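Biologist: I am new to this structure and would like to go through it slowly. Could you show it to me first, and then take my questions one at a time?

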Amino acid sequence: MKPGTRLKSAACDTEVMVIRSGDGTIECGGAPMGEAKPAEPAPLSPDFSAGTLMGKRYVDADGKYELLCVKPGKGSLSVDGVALVIKDAKPLPASD
Amino acid sequence: MPNRAPNRAPNRAPNKARSGGPAIPLARWADRQLKTLAAETASPRIAALDGATLMGERGSNGVYTINGPVSAGLGGSRLMPTRDGGWFALTLIRAEDRQLLPALFGDETIAIADNAAIAAAVLARDCADLVTRGRDLGLPVASAHETPASPPVEIMTRGPPRDRPRGHRPLVIDLSAIWAGPLAGHLLWLAGADVVKVESLTRPDLIRRDDPATFDLINQGKASILVDFADAAQKAELVGLIRRADVVIESSRPRALRHLGIDADALVRAVPGLVWLTVTGHGARGEAANWTGIGNDCGVAAGLSRALAEASGTMGYVGDAIADPLTGIVAAREGWRALQDGGARRIGFAMSAIAARALAEERAHDAAALTRELRAWAAAVGQRFPTVARRPLWGEVRPLGADTPRYLPGLAACRSTAC
């Protein structure tokens, strides 16, 4: 998936921007995400329903995937069934 | 008796404390705001301040250089031309900000450490697209030709009033970091308030470590407490402290504050007389509430770089993070006024819009002087940032967390019983 691509959840309102990605399937609420919303919403999997937070960056354990939440929703993010976790924000330096 | 225009101060040398370099444009505007604040607070220490000192002391401390299209400090902000003839300001100050560049440009092959490659990618794209996508990504970006998205000062929420006895010393809880918010807290401290600086265990104010000369000036006299926002008990203690406070200053993005579990609007509605100052880059409501903004890119979004180009023919940054000190002064003044009024309120301050207002008012005040200063600023590229006389320290600079037990006694009690 090309960096900068916007993906929409099939199961909730979540939208993400791809920062970094491999060849796996990016999912939200247990359903694959796509550039367009499906006509019929997918069911929200109870295993992936912790919700997404606006502005948070989500990563996998290997740092291969990174997604930025640009619209929050009820589903939670995963890649090939493995949940992504929030990346901690770093403080700003004293000058720019 | 000749009639004198009451609201038009006579022109005078604006930079009385300046000891070298060109005048910082808008310092005269800052002088006028400080004069008002000094009169309203009756503070001789504020009366002794001038705009050039507050706007120039960080660059003076850091021996910055005026770098034209590159920011004066660490050079982390750059103004770059775009394909459609615009200018795009991009700030990359943390390593993880550069990791967003493939997404910004939609190009995974971009050399993220190479500023020339970044400038080439910017030149191949349209400005508005870069600004939209950069803001989606949470990067501090701006267009030199944009108009600020929010009003400069906005009352967001109102709450019940509180009668304060004469001589009451306001308690200010300063949750903000870097420059604008802490400067507002500093000015309130100069006006006599008891100010408590709150730092997060995981996100301390890095200016303390990285620029102590400036940190000390704008955080002197403040008590220091350290809070682990991941700890519910500590957060509850902090909210308890806020409920006893007169003023809160914070510069978080609104959603970050909500994520922390601090509901500013609910507190303002519940706590009589609580004055809550919310400092943002571009506004605290609507889509702009999600944008990041820091002093340099907010100056660009305010139209200052455009004004520089119009006056001088060259594009560049004006001042050092210029929207920060301008906002700090305005926030202190509005906060003080709200305290006198007595009603609880949350007031939003949008840095880009405050700098835009300063520019418009200065233009109305003395357009010719402003143009001269902008031209002199543009001609000073490569020179040292203006130096200002160092202000004295009147108060102690407290070590990080030194006052946590005093202001959050529950935490101390909890620790002592090992609960």
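Modeller: Before we begin, this is a predicted model, in which local features need pLDDT of at least 70 and side-chain atom pairs count only at pLDDT 80 or more, while totals for chains, interfaces and linings use all residues. Residues are numbered from 1 along each chain as its sequence is written, and chains are lettered from A and ligands numbered from 1 in the order in which they are written.

Biologist: Into which domains is chain B divided?

Modeller: The bounds come from an automatic or database domain assignment. On that basis chain B is divided into domain 2 (77–143) and domain 1 (27–63 + 148–407).

Biologist: How far apart do the C-alpha centres of domain 1 and domain 2 of chain B lie, and which helix gives the most to the side of domain 1 that touches domain 2?

Modeller: The two C-alpha centres lie 28 Å apart. Two residues are in contact if their C-beta atoms, placed from the backbone, lie within 7 Å, and the contact takes 13 residues from domain 1 of chain B and 11 residues from domain 2 of chain B. By class, the domain 1 side has six nonpolar residues (Ala, Val, Leu, Ile, Met, Phe, Trp, Tyr, Cys and Pro), one charged residue (Asp, Glu, Lys and Arg) and six polar ones (the others, Gly among them). With four residues, the helix that gives the most to this side of domain 1 of chain B is H14 (residues 295–301).

Biologist: How many helices and strands does chain B have, and what is its radius of gyration?

Modeller: Helices (H or I, at least four residues) and strands (E, at least two) are DSSP runs, numbered from the N terminus, and chain B has 19 helices and 12 strands. Buried residues, those with 20 or more other C-beta atoms within 10 Å of their own, C-beta atoms being placed from the backbone, make up 53% of the 419 residues in chain B. The radius of gyration is taken over C-alpha atoms, and the globule rule is 2.2 Å times the number of residues to the power 0.38. For 419 residues a compact globule would have a value near 22 Å, which agrees with that of chain B, 21 Å.

Biologist: Which elements does chain A have, and what is its radius of gyration?

Modeller: Chain A has nine strands and zero helices, and its C-alpha atoms fill a box of roughly 50 × 25 × 20 Å along the principal axes. Of its 96 residues, 47% count as buried. A compact globule with 96 residues would have a radius of gyration near 12 Å, and this agrees with the value for chain A, 13 Å.

Biologist: Where do chains A and B meet, and which helix supplies the largest share of the side of chain B that touches chain A?

Modeller: In this contact, 35 residues of chain B meet 20 residues of chain A. Helix H5 (101–105), helix H7 (127–136), helix H9 (207–210) and helix H12 (254–259) of chain B each supply at least two residues of that side of chain B. The side of chain B that touches chain A has 13 nonpolar, 13 polar and nine charged residues. Its largest share, three residues, comes from H5(B).

Biologist: Why can the buried residues of H11(B) be said to line one face of the helix?

Modeller: Helix H11 (residues 232–243) of chain B has 12 residues, which at 1.5 Å a residue, times one less than the number of residues, should span 16 Å, and its end C-alpha atoms are 16 Å apart, which agrees. Its buried residues are Gln234(B), Glu237(B), Leu238(B), Leu241(B) and Ile242(B), whereas on the other side Ala232(B) and Arg243(B) are exposed (12 or fewer such C-beta atoms). An α-helix has 3.6 residues a turn, so residues three or four places apart point the same way. Seen down the axis of H11(B), the directions from the axis to the C-beta atoms of the buried residues define an arc, and these residues line one face because they fall within 145°.

Biologist: Is Ser200(B) buried or partly exposed, and which residues is Ser200(B) in contact with beyond its neighbours within four places in sequence?

Modeller: Ser200(B) is placed in strand E7 (residues 194–200) of chain B. Ser200(B) has 17 other C-beta atoms within 10 Å, and is therefore partly exposed (in between the buried and exposed limits). Leaving aside neighbours within four places in sequence, the residues in contact with Ser200(B) are Val227(B) and Phe229(B).
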